[in-house]
Amino acid sequence: MSLKMTSCNKVFGGWHKQYTHYSESLACTMRFAVFLPPQAEHQQVPVLYWLSGLTCNDENFMQKAGAQRIAAQLGIALVAPDTSPRGENIPDDINADYDLGLGAGFYLNATQLPWCKHYHMYDYVVQELPILIEKHLPVSSLRSISGHSMGGHGALVIALRNLNRYRSVSAFSPICNPINSPWGKKAFSNYLGNDLTAWQDYDASELIRKATINIPMLIDQGSEDNFLTEQLKPECLLEAAKKSNYPVKLQMQEGYDHSYYFISSFIESHLQFHAAYLK
């Protein structure tokens, strides 16, 4: 696997770069963004993987969250993959809905046609991308993971299914119980079919019941989020975590919504949280 750098900008003493490469997992060319802090010029640095939400790509977080300043101070690399495979021959939702297909990979491995050839975002984020990052960039094998909305769902699921692979996990406004939310039901029925057991493998509230290791988990949720009640369901995650004695720090932030204004307000505390476990 080789990388092709398509853009490079200096920021806070480090470098924001975009790369493209051919993905074996997704059978298409993919793009991701990385911020390398100044410390990466003379040593390997740990990595925080950021998974974005519906309709987003690698640029949303890097341009809107304001994470580079504190990441530069802490010596943490930021890696932001895309949210789905893209290309002329990649299937998309025939109804052009925003919550299925393009920009809506849901960080799972699809098993149903026409999605199963390309929509393997789980394998891409967990296996292929870290191998690529750690081979070609000055980073260590110390990893944490975070995300927003659909990406928050992805971060929680990936961490809970790979408890020895990540030092910590955090999320903003995650879809906590997708098997019982409209977004999740639509995506899972199309990508995974009617096997509800397969659905449970990508549901953080189901997975946390079975967790045998408690890795540090931080969640921030805005009280004025329009999707809170119908789609996100953090109370389901808390209830499941309580039954399995899994410590979850969930902070309800009064007055905040689902936007990047919310993320940018609290991204520094999330980076500080991860830094404590990436040392």
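In this predicted model, the largest nonpolar core holds 70 residues. Four of them touch the most other members: F106, I145, Y191 and M217. Helix α3 supplies the largest share of this core, with 8 residues. Another core lies apart from it and has 23 residues. Among the residues of that other core are F35, F61, A65 and A80.

I145 shows how one such core residue is surrounded. Neighbours within four places in sequence are left aside here. On that basis, I145 is in contact with L48, Y49 and L51, and also with V125. Its further contacts are A155, I158, A159, Y166, S168, V169, S170 and H274.

The largest pocket has a volume of about 190 Å³. Its lining consists of 14 residues. L54, T55, C56, H148 and H258 are the lining residues nearest the pocket centre. By class, 6 of the lining residues are nonpolar, 7 are polar and 1 is charged.

The loop between β5 (77-81) and α3 (121-136) contains H118. H118 has a relative accessibility of 6% and therefore counts as buried, the cut-off being under 20%. Its side chain reaches the backbone oxygen of L26 at a distance of 2.8 Å. L26 is also one of the residues in contact with H118 when neighbours within four places in sequence are left aside. The others in that set are S25, A27, P85, N89, I90 and P91.

P114 is placed in the loop between β5 and α3 as well. The peptide bond leading from L113 to P114 is cis, and its omega is near 0°. G87 also lies in the loop between β5 and α3. With a relative accessible area of 45%, G87 is partly exposed. The C-alpha atom of G87 is separated by 40 Å from that of E254. Along the chain, G87 and E254 are 167 residues apart.

Two serines have a positive phi. S149 has a phi near 60°, although this residue is not a glycine. S149 sits in the loop between β6 (139-148) and α4 (150-161). Its relative accessibility is 2%, so S149 counts as buried. For S173, also not a glycine, phi is positive at about 50°. S173 belongs to the loop between β7 (169-172) and α5 (182-192). With a relative accessible area of 0%, S173 is buried.

A further serine, S264, has its place in helix α10, which covers residues 260-278. S264 is partly exposed, because its relative accessible area is 33% and the partly exposed class runs between the 20% and 50% cut-offs. A polar atom of the S264 side chain lies 3.1 Å from the backbone oxygen of Y261. S264 and A65 are 199 residues apart in sequence. In space, their C-alpha atoms are 4.5 Å apart. S264 touches both K64 and A65, residues up to four places away in sequence not being counted. A65 is, in turn, among the members of the 23-residue core.

Conventions:
Residues numbered from 1 in each chain as written. Predicted model: local features only at pLDDT ≥ 70, side-chain atom pairs only at ≥ 80, totals over all residues. Heavy atoms only, no water. Helix = DSSP H or I, 4+ residues; strand = E, 2+ residues; numbered from the N terminus. Buried < 20%, exposed > 50% of the residue type's maximum accessible area, 1.4 Å probe, protein only. Polar contact = N/O pair within 3.5 Å; in protein donor to acceptor, adjacent residues only side chain to side chain. Contact = heavy atoms within 4.5 Å. Core = buried A, V, L, I, M, F, W, Y, C linked by side-chain atoms within 4.5 Å. 1 Å grid on protein atoms, 1.4 Å probe; cavity = no way out; pocket = protein on both sides within 12 Å on 5 of 7 lines; lining within 4 Å. Points joined across faces, edges and corners; volume = space filled by probe spheres on them. Nonpolar A, V, L, I, M, F, W, Y, C, P; charged D, E, K, R; others polar.
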